[in-house]
Amino acid sequence: MFNKILIANRGEIAVRIIRACREMGISTVAVYSEADKGALHAMLADEAVCIGPAVPSESYLNIENIISATVASGAEAIHPGFGFLSENARFAELCEKCSIKFIGPSSKVISAMGDKANARKTVKQAGVPVIPGSDESVIDEKRAQIIADEIGYPVIIKASAGGGGKGMRVVERKEDFEELFIIARTEAVNSFGNGSMYVEKYIEKAKHIEVQILADKAGNIVSLGERDCSIQRKHQKLIEEAPASSLTEEMRRKMGKAAVRAAKACGYTNAGTVEFLLPDSQTFYFMEMNTRLQVEHSVTEEVTGIDIVKEQIKVAAGQALDFSQEDVKINGHAIECRINAEDAENNFRPCSGKITEVFLPAGKGVRIEHCIFHDFKVLPFYDSMLLKLIVHDDTRMNAIRKMQSALGELIIDGITTTQDFLYDIVHEERFVSGNFDTGYLK
Amino acid sequence: MRDLFKKRPVTRIVSESIASPMENTAAPEVPEGLWKKCNYCRKPLFTDDVAENNFICPKCGGYFRLHARRRIAQMSDEFTEWDETMEFVNPLGKKDYESKHRTAQEKSKLNEAVVTGLARLEGEEYVLGVMDNRFMMASMGSIVGEKITRAVEEATKRKLPVVLFCCSGGARMQEGMISLMQMAKTSAALKRHSDAGLLYISVLTEPTTGGVTASFAMLGDIILAEPGALIGFAGPRVIEQTIGEKLPKGFQRSEFQLEHGFVDAIVERNDCRKTISLLLKLHKNGKGICAMHSREGEQAECRRMLEFAGKEEYTVYDKGFFEAREKEFSAWERVQISRRNTRPTALDYISLMFDSFFELHGDRGAADDGAVVGGLAFYRGRPVTVVAQQKGKNTAENIKRNFAMPSPEGYRKALRLMKQAEKFSRPVVCFVDTPGAFCGIEAEERGQGEAIARNLFEMSSLKTPVISFFIGEGGSGGALALAVSDRAVMLENACYSILSPEGYASILWKDTSKASAAAEEMKLTSYELKRLGVIDEIILESEPACKDNIDDIVSDMKAALDSFLSSVSEEGAEATAEKRYDRFRSF
């Protein structure tokens, strides 16, 4: 096992990882930007190294400084958390070159699955259903038009190297295709320096359900069940639950197997998530694979009892999984709400400022992952997520009641958060009924 | 709060640590050569990133020194090296020199500090020499001098252009006076190359100093520099010690040299290949003026009033039309129109008339004057030299351009480029647009009068055709210094005068408010000047020139240029110069 791990992240996830390491008897090195000197992760870790100024490109994305800090502190591994460098194949590759264990899949897998068109092709060959669309990336608008016509409108144009909605266009009508394709491609070239695109059937309303997998270096891959992440705003998840109550047992089994096949097809190791779209209760399509730990991993932890972060560390250290697919049992229901420092009434504008008062709910089945405290300053440079409230109970209805109760108790004063907005949602009949899709907030 | 958190290590039972042994791994370390430090921003960088980025720091844009082989690969599609083996010489008989030399050879895998040979770049053949700083600071010993001299001599023999990428600490101390002689030897070879009418481009890279700067580096027909390179004769440390003062930031850098007139252009490394290729093409088949034939139909649309070869010609319109037009504005109104800041400036016309305009800076003496722009361009596929007085469009630009009032350096830059045009037999196209030569202390200190006079003197016998377009104000001697030309073409509302109407009124009547009356009697409009024979053609402005009708004006200017070039191509450069003499002799 590792003696020391460097956590290349900040906020609640850095705290989460530090706690797992401490429980495993592993020393921790936190990295922090100049603005994060007094941040919780920097205070909790055994050692803390400043890696640069507040702007992420100079600190949390500064590969050179992070690797220097790792070597200098004698850490043997880096946990990248999520966001920042977690899906940066080059960072993973450089870790490999410097004999630092990157806690995640190999750089090859990250880059293979990071290319959306390539990922699609890989899993399709493994027999995983994909959204009808182009098998190869296309650059030429005329060729793309032929593919789009075959799929049938509406279609969505996406950039192979894409992300963040850049180079993405929904085309409702055939006659608009060519123009929108050229616009999307120009945007892709400008944003990613790469004009290779792909075209898919556009699915307007669907359930977003994802399957958590864990894979060790010996080739054992298990599925830890699914999560329903359909409550989203502009592709940002707000509420996640496990299991997905709308799935039949048969669908659940099929999707779990598909996820494992997808992971096997790309030679996956460590924790990963296979995202699916479900336009109806009988159909699922592969959307993409996230080659990292996810924010909502904690709901899976609650219902399986498996600590995913600890498993990640063990796998990275070369240990085999000590449980098999049969050992994975889903118990009860878990829900997570993400509390962001955003103003829901003003188009979710990020808010920064000082937290003047904090009261955190507690009790059986209430779990909080956070990084805040009295007088904590929310900085404008970073992601606005402050706190994850996770509840676990025997049934979905009981879990919802617990969430309603806990959200009601939570106090974060001094800045505006999305707490009230979420408090409303968890009381809405539509949410409680479980009958919703990704269009919930539209 | 940090100190309040308790951090006692976990309690371990002995068997626990043995139960899960770590797989066999090496301790984390950064492998040798994985990264390097940028000399400018001091930040660590991954070596691969630096190489991928053409050895430019991805963080701060600072330039790493480029090894000779890499530079050659960048600058050529094919390369045949010359003088790969040269016998070591030790003129001073220094004991440790040979071993030092051998170590440098082993480390750099080069035989000496310069690599020379025949290169081909996008179809253009040229002689390329690249110095490599790793080899004893690229100092110039006899082998460096010999290789460069041989390369230049070979280029003269084969009638090829030469491009040298310079970087050097200067003369090689270990070779004493023999090293100093290399300066004279290389310069002499370049003189013969130049006398043969051939092109030499030097590219100055970090650092170019000492005896190299004081010889071949500064002798280019065109001198380019990489950004931020140290370029100087004496090293900054020596200067500081001598004068006992701290040197200002940026002293002797490329930008400093550009500002002081010694560098034609600063070229980013990523643009260097493209630039050299363009410059080679601009000097291809440089001999002889060939006829320009405008496309059919273009001539017919011309809104021009022509006169040459002694007869008056009107295109499209009859004489009455021009008479009516002349009365549309008074002379004073035309003066004011000529000064409007909505009027297109020289660079506007240049960008529309020519292709691939490449600006060349500096007078090679003191400064680069923003009031005069000059450079090379293609006109219908053949190279021309363009020289122009440039106004700004706003205050900031006008400060940079000094309101198009040239300093002596501006005239000297213009003359330098015209002499270069003569060497390479390129026609010269001038654009005149100035209130007058700059009246200032520094201008007088550096010889404003001498600079203008020199231009009149030299232009009169320039062995290449010269045409001047009057596009706005034509202020006195300051305008004439770009107008000793074979043909003068004037936009309808441009003016050209002995001095400003305000000045005229002040001198003759001691009253500047009588400027409008002065304008009427000075005969400064295009129509008056045409009658006086000072100009040859008028290009009509359907409305006072502005961005809306610039395309029409440019098409007429091109027609004027076409007819000029086709007429001079028949008579030859000597005859053109002779006729120019007669033209001004007649006044």
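**Close-up legends for chains A and B**

**Pro207(B) sits in strand 7 (residues 200-208) of chain B.** The peptide bond leading into Pro207(B) from Glu206(B) is cis, with omega near -20°. Strands here are DSSP runs of E with at least two residues, helices are runs of H or I with at least four, and both are numbered from the N terminus. This is a predicted model, where local features need pLDDT of at least 70 and side-chain atom pairs count only at pLDDT 80 or more, while totals for chains, interfaces and linings use all residues. Residues are numbered from 1 along each chain as its sequence is written, and chains are lettered from A and ligands numbered from 1 in the order in which they are written.

**A second cis peptide bond turns up in chain A, between Ala242(A) and Pro243(A).** Omega is about -10° for this one. Pro243(A) belongs to the loop that links strand 11 (236-242) to helix 9 (249-265) of chain A. For background, most peptide bonds are trans.

**Strand 9 (residues 207-215) of chain A is well covered, with nine of its nine residues buried.** Buried means 20 or more other C-beta atoms within 10 Å of a residue's own, exposed means 12 or fewer, and partly exposed is in between, with C-beta atoms placed from the backbone. Both faces are covered: one side includes Val211(A) and Ile213(A), and the other includes His208(A) and Glu210(A). Two strands count as paired if DSSP finds at least two bridges between them. Strand 9 of chain A runs antiparallel to strand 12 (residues 270-280) of chain A, joined by nine bridges, and Val211(A) faces Val274(A) across that pairing. Six bridges tie strand 9 of chain A to strand 10 (residues 221-233) of chain A, also antiparallel, with Glu210(A) opposite Arg227(A). Strands 9 and 10 of chain A make a hairpin with five residues between them, and Gly219(A) in the turn has a positive phi of about 95°.

**Helix 15 (residues 408-423) of chain B has the length you'd expect.** Expected span is 1.5 Å times one less than the number of residues, so this 16-residue helix should cover 22 Å, and its end C-alpha atoms are indeed 22 Å apart. Of those 16 residues, 13 are buried. Just past the helix, Ser425(B) has a positive phi of about 55°.

**Asn402(B) and Phe55(B) are two loop residues of chain B.** Asn402(B), between helix 14 (395-401) and helix 15 of chain B, has a positive phi of about 50° despite not being a glycine. Asn402(B) counts as buried because it has 21 C-beta neighbours inside 10 Å. Phe55(B), in the loop between helix 2 (47-52) and helix 3 (68-75) of chain B, has phi near 60°. Phe55(B) has 17 other C-beta atoms within 10 Å, so it is partly exposed.

**Chain B meets chain A through 22 residues of chain B and 20 residues of chain A.** Contact means that the C-beta atoms of two residues, placed from the backbone, lie within 7 Å. On the chain B side, strand 2 (residues 44-46) gives the largest share, three residues. That side has 15 nonpolar, two polar and five charged residues. Nonpolar covers Ala, Val, Leu, Ile, Met, Phe, Trp, Tyr, Cys and Pro, charged covers Asp, Glu, Lys and Arg, and the others, Gly among them, are polar.
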